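Subject: Structure for your files

Hello,

Here is the structure you will be working with. Please open it alongside this message; my notes follow below it.

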Amino acid sequence: MSTDSPATAAQVLQEASRRRTFAVISHPDAGKSTLTEALALHAQAITSAGAVHGKGGRKGVTSDWMELEKDRGISVTSAALQFGHRDHVMNLVDTPGHADFSEDTYRVLSAVDCAIMLVDAAKGLEEQTRKLFSVCRHRGVPVITFINKWDRRGREALELLDDIQNILEITPVPQVWPVGNAGNFRGLVEAADTEQFLKYTRVPGGTHEAEEEAMDAAAAEAVEGELWPTALEELELALDSGPGWDPQAFREGKITPVFFGSALTNIGVRLLLDAVVDLAPSPDAREMANGDHRPVEEEFAGIVFKIQANMDPAHRDRIAFIRVCSGVFERGMNVTRAASGRSLTTKYAHTVFGAERTVADICYPGDVVGLINATALRVGDTLYVGKKAEFPPLPAFAPEHFAVARPKDISRSKQFRKGISQLDEEGVVQVLTSDRRGDQAPVLAAVGPMQFDVVLHRMEHEFSSPIVLERLPYSLARVTDAAGADVLNKARLVTGEPLTRRSDNALLALFGDKWQLNSFVRGNPDVKLETLIATAD
Ligand SMILES: Nc1nc2c(ncn2[C@@H]2O[C@H](COP(=O)(O)OP(=O)(O)OP(=O)(O)O)[C@@H](O)[C@H]2O)c(=O)[nH]1
């Protein structure tokens, strides 16, 4: 740390050790918004459930393009939520659940130190959960499992654990066990204390914590009869078949601690929150592009993991979300953007709490800062103070949907170019330039087709340049090099785009299907064709 730094290295380390930065990953409808509210409610960050997401006509975030979200009834907005729990600072980075917005979610996973995998007790491991889990595995993010909706009829607990083991190939280690089947939820027993029964009594309406009453084993049996010994037997069975709790194996992604509960009725949520404090790692030295690590106590460095436009309907603004990786972030400080070497001031820094913005005066490793209208920033950028830091670029995910964009009205081509380049910088879609088509007709590439709906909507309403999108018949993209580009340009592919260029200058070849790709590879075995991170299982 520099000598005029407001905090000593020891203070930064101390603050970092109190931070837990995590995200909730799940399939749509598993209860992510409900759990987020329940977690915040437990931590007394908000006074009544519903203040975060504004679902069901309650207070919340609204803006133009969130109309789209309302129309479709899904969450497309990410917000960072900070709250205190047991003298720790919890940073919950919310993620959109819909598969089509998953690029956003994948990027969020590079900003967190841990993920809660939310599983619907009746539906088990759904497709999006599996995909998100595979991203966590790829990024080395440890995963805590929460099996939700136990108040409703669902599958057997042991069966769900078998699925986690067999499908995700990670060993579940239950930390609590439900007393009573899904649909007849009586309470929980903690693996660490099988002499105690935590009985829950639901509060009608579900917006307050369920009442929790602790009783000993004899009382538990008296009240719950056979359900109590059955729960203990099942817990023993589940623990006996596994390796037991091992913090190192958890951090290495070999085991996942499992919790049961009901977000809606606030059952099991406190134990989950405690687990985030007790088990999840605090911010640690982060690897940089050159292979060195940036220690947390070094001067400020952070990574832009998300750019969100129009969070406030009153101002057409754009917020770059930065995860602080090292040092202290102080509002107003000058930081350097590693990609350009240019410096920028951070006068307009906020922490974002649902719809509420609080000015962020000082932030520590693990915290999320929103920089308003920092238009030079792109997703994946590193910002730093002092000794240079540059973190590796965020992974690019394999697009599977492609379309050519053209302005409806060519007299608005300036607005068209501005809009497309902004959406590219925000990472709403990947924008590819095709040598064949030129600048005026960029190829948009998406992981899910709903990303195109967002582009259509925002180009018309925000950039006043309505566009037409013509879908292209490709489904695969491969990264090549200059030599490969030559071969591809010469090859007359029947259904392939010879070559496109991403804004980071990566060269991408597009193919119609696997068959076409394989036939090209057979004819040109020496051409470099690398896969991007595939998100399909
Ligand atoms: N019975 C029961 N219902 C729940 C529970 N948790 C959530 N739900 C319900 O499940 C539905 C989906 O919950 P949300 O919290 O909106 O789910 P989500 O995962 O945020 O959904 P997206 O916004 O689409 O990503 C809602 O009707 C909730 O009331 C639970 O513990 N028990």
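In which helix does E425 have its place? E425 belongs to helix α11, which covers residues 413-426. Please keep in mind that this is a predicted model.

E425 has a relative accessible area of 17%. The cut-off for buried is under 20%, so E425 counts as buried. Leaving aside residues up to four places away in sequence, E425 touches I307, R318, T375, L377, R378 and V379.

Two of those contacts, R378 and V379, come up again at the largest pocket. R378 and V379 are among the residues that lie nearest its centre, along with P393, L394 and D504. In total, 31 residues line the largest pocket, and its volume is about 770 Å³. Helix α11 is one of the elements that give two or more residues to this lining; the others are α4, β25 (430-434) and β31 (530-531). Sorted by class, the lining has 14 nonpolar, 11 charged and 6 polar residues.

Next, the strands. β24 spans residues 401-407, and 5 of its 7 residues are buried, so the strand is largely enclosed by the rest of the structure. β24 pairs with two strands that I looked at:

- β26 (residues 443-446) is antiparallel to β24, with 4 bridges between them. V404 stands opposite V443 of β26.
- β27 (residues 467-472) also runs antiparallel to β24, and 6 bridges join the two. Here F402 has L472 as its bridge partner.

When you look at these strands, remember that side chains in a regular strand alternate between the two faces of the sheet.

Another strand residue to look at is A309, in β14 (residues 301-309). A309 is buried, at a relative accessible area of 1%. Between A309 and Q451 there are 14 Å in space, C-alpha to C-alpha, although the two are 142 residues apart in sequence.

Last, the database record. The unreviewed UniProt entry carries the annotation "binding site" for D94, T95, P96, G97 and H98. Such an annotation may be inferred rather than shown by experiment. In the model, D94 sits in the loop between β3 (88-93) and α4 (102-108). D94 is buried, with a relative accessibility of 4%. Helix α4, at the far end of that loop, is also one of the elements listed above for the lining of the largest pocket.

Regards

How values were computed. Residues numbered from 1 in each chain as written. Predicted model: local features only at pLDDT ≥ 70, side-chain atom pairs only at ≥ 80, totals over all residues. Heavy atoms only, no water. Buried < 20%, exposed > 50% of the residue type's maximum accessible area, 1.4 Å probe, protein only. Pairing = 2+ DSSP bridges. Contact = heavy atoms within 4.5 Å. 1 Å grid on protein atoms, 1.4 Å probe; cavity = no way out; pocket = protein on both sides within 12 Å on 5 of 7 lines; lining within 4 Å. Points joined across faces, edges and corners; volume = space filled by probe spheres on them. Nonpolar A, V, L, I, M, F, W, Y, C, P; charged D, E, K, R; others polar.
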